[in-house]
Amino acid sequence: MSNSTGQVLEFKLGEERYCVSIDYVTEIVDVGELTAVPNSPRHVEGVMDLRGRTTSIVDPKVVFDIQESGEQRRIIVFDPEITADQEAAGWLVDEVYQVRAVDEKNVDPSPAGAGAASINGVVKRDDGFVIWVDPVAVHSA
């Protein structure tokens, strides 16, 4: 039995890899047609219909102040229970990789400290680092 902290879904924003706990993810879909919502926050790209449910689509690059551009090709759809208002939400990401197990000995605290509540930590991999983000903190702010 390993001392794994769970499984994460890895994805790409700009040039960096990020991950979220797979427990929060309900599905991954291709980017479809988005409808812009007037007067919405800057990080909300719009809404789309996913199986009859209006889903807010968020650009995490705006949330995390990521300047690199990339082809936003996929949407990670989260369990509605993570958002403060219990509404469906998805993140627009450049690429989705795979689900991987994370061993707690390979996770360091966020160098940003306690001020970065949306960052669970930094996962060390042989090929670099993966930033572990907390969608609950992002959607409750």
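The legends below describe several views of a predicted model.

**View 1. Arrangement of helices and strands in the predicted chain.** The chain contains two helices and eleven strands. From the start of the sequence to its end, these elements follow the order β-β-β-β-β-α-β-β-β-β-β-β-α. The radius of gyration is 15 Å, close to the 14 Å that the globule rule gives for 141 residues, so the chain is as compact as a globular protein of that length. Along the principal axes, the C-alpha atoms occupy a box of roughly 45 × 30 × 25 Å.

**View 2. Interior and contacts of the chain.** Of the 141 residues, 41% are buried. Among contacts with a separation of 6 or more, 54% join residues that stand 24 or more positions apart.

**View 3. Surface and charged side chains.** The chain has an accessible surface of about 7,900 Å². Carbon and sulfur atoms contribute 45% of this surface. There are 25 negative and 12 positive side chains in the chain. The centres of these two sets are 5 Å apart.

**View 4. Close-up of Val-122 in strand E10.** Strand E10 spans residues 119-125 and includes Val-122. Val-122 has a relative accessible area of 10%, and because the cut-off for a buried residue is under 20%, Val-122 counts as buried.

**View 5. Surroundings of Val-122.** Leaving aside residues up to four places away in sequence, Val-122 touches Asn-106, Val-107, Asp-108, Pro-109 and Pro-111, together with Phe-129, Val-130 and Ile-131. Ser-56 is 66 residues from Val-122 in sequence, and their C-alpha atoms are 27 Å apart in space.

Note on methods. Residues numbered from 1 in each chain as written. Predicted model: local features only at pLDDT ≥ 70, side-chain atom pairs only at ≥ 80, totals over all residues. Heavy atoms only, no water. Helix = DSSP H or I, 4+ residues; strand = E, 2+ residues; numbered from the N terminus. Rg over C-alpha atoms; globule rule 2.2 N^0.38 Å. Buried < 20%, exposed > 50% of the residue type's maximum accessible area, 1.4 Å probe, protein only. Contact = heavy atoms within 4.5 Å. Areas by Shrake-Rupley, 256 points an atom, 1.4 Å probe, with all protein chains shown as cover. Lys, Arg positive; Asp, Glu negative; His and termini not counted. Charge placed at Lys NZ, Arg CZ, Asp CG, Glu CD.
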